[in-house]
Amino acid sequence: MNALELLLNRRSVSRLTTPAPEGNELQNILAAGMRAPDHGALRPWHFIVIQGEGMNKFSNLLEKAAIEGGLGKEIEEKAKNAPYRAPMIITVIAKVVEHAKVPAWEQVVAAGCAVQAMQMAAVAQGFSGIWRSGSWTEDPIVRAGLGCEENDKIVGFLYLGTPELRAPAKVATPDLTNFVSYL
Ligand SMILES: Cc1cc2nc3c(=O)[nH]c(=O)nc-3n(C[C@H](O)[C@H](O)[C@H](O)COP(=O)(O)O)c2cc1C
């Protein structure tokens, strides 16, 4: 797939099914994440690949967070089911460190670039996905369950798989007027 075509036409897909990327495909996705631009070569990220039995563990973790947070039966059910919207999730955590030249925000942005790179590497190999976040990224039980340290920031849950339906409609060519200026 042509790189420019990918960048101009990419769409997120929320309804995902098997197969998920595996073997070399998955390695390519993770390697693309590792190649994200990174000030100071800190590699300020950690990727947690969730699949198979890991999905059940993640589902239990979200359910526990909803129960202990007193969020009510409806949210508990939603939390429990959330992971199964795709056969694979890659959680991306920004591992933010104190650094004289690389402020925290740059490290979080670098981890965000890793999410985008992995999503595009998935699409380039015939898969699809969607970057999700939501309140679970800040939840102390979810953070602890995913091994987050104090300065860590969960920048996203990248849901990956094969589109359930046909590809979504192409996006219109963006109108740049209000977003770009030239000096
Ligand atoms: C940091 C970040 C967090 C996001 N969180 C969510 C989310 O929790 N739920 C959701 O439906 N979309 C979320 N999105 C948006 C989707 O990933 C996607 O970009 C959006 O549905 C638009 O579709 P498109 O990528 O095809 O333009 C998030 C995007 C970013 C960059």
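A residue counts as being near a molecule if one of its heavy atoms lies within 4 Å of it. Keep that cut-off in mind for the ligand stop. One more thing before you start clicking: this is a predicted model.

**Stop 1: the ligand's neighbours**

Select the ligand, then show what surrounds it: Arg10, Arg11 and Ser12 from one part of the chain, plus Ile130, Trp131, Arg132, Ser133 and Gly134. Try colouring this shell by class, and you'll get 2 nonpolar, 3 polar and 3 charged residues.

**Stop 2: polar contacts with the ligand**

Now zoom in on the oxygen atoms of the ligand. Which residue has a side-chain N or O atom 2.8 Å from one of them? Pick Arg10, and there it is. Next, switch on the backbone of Trp131, where a polar atom is 2.7 Å from an oxygen atom of the ligand. Do the same for Ser133: one of its backbone N or O atoms lies 2.9 Å from a ligand oxygen. How much of the ligand does the protein bury? On its own the ligand exposes 620 Å², and the protein buries 53% of that.

**Stop 3: the largest pocket**

Time to look at empty space. Rolling a probe the size of a water molecule over the atoms shows where such space is left. The largest pocket has a volume of about 350 Å³. To find its centre, select Asn9, Arg10, Arg11, Val123 and Ala167, which lie nearest to it among the 15 lining residues. You've met Arg10 and Arg11 already, since both are in the ligand's surroundings. Which helix gives the most to this lining? Highlight residues 3-9: that's helix H1, with 3 residues. By class, the lining has 8 nonpolar, 3 polar and 4 charged residues.

**Stop 4: the second largest pocket**

Move on to the second largest pocket, with a volume of about 260 Å³. It is lined by 14 residues, and Lys78, Ala79, Ala82, Arg85 and Trp136 are the closest to its centre. Colour helix H3 (53-68), helix H4 (73-81) and strand S5 (153-163), because each of them supplies at least two lining residues. H4 gives the most, with 3 residues. The lining divides into 8 nonpolar, 3 polar and 3 charged residues.

**Stop 5: the annotated domain**

Finally, zoom out and select residues 8-161. An unreviewed UniProt entry annotates this span as "domain: Nitroreductase". The span is 43% helix and 19% strand, and its end C-alpha atoms lie 21 Å apart.

Technical notes: Residues numbered from 1 in each chain as written. Predicted model: local features only at pLDDT ≥ 70, side-chain atom pairs only at ≥ 80, totals over all residues. Heavy atoms only, no water. UniProt positions renumbered as here; feature names shortened; annotations may be inferred. Helix = DSSP H or I, 4+ residues; strand = E, 2+ residues; numbered from the N terminus. 1 Å grid on protein atoms, 1.4 Å probe; cavity = no way out; pocket = protein on both sides within 12 Å on 5 of 7 lines; lining within 4 Å. Points joined across faces, edges and corners; volume = space filled by probe spheres on them. Nonpolar A, V, L, I, M, F, W, Y, C, P; charged D, E, K, R; others polar. Polar contact = N/O pair within 3.5 Å; in protein donor to acceptor, adjacent residues only side chain to side chain. Areas by Shrake-Rupley, 256 points an atom, 1.4 Å probe, with all protein chains shown as cover.
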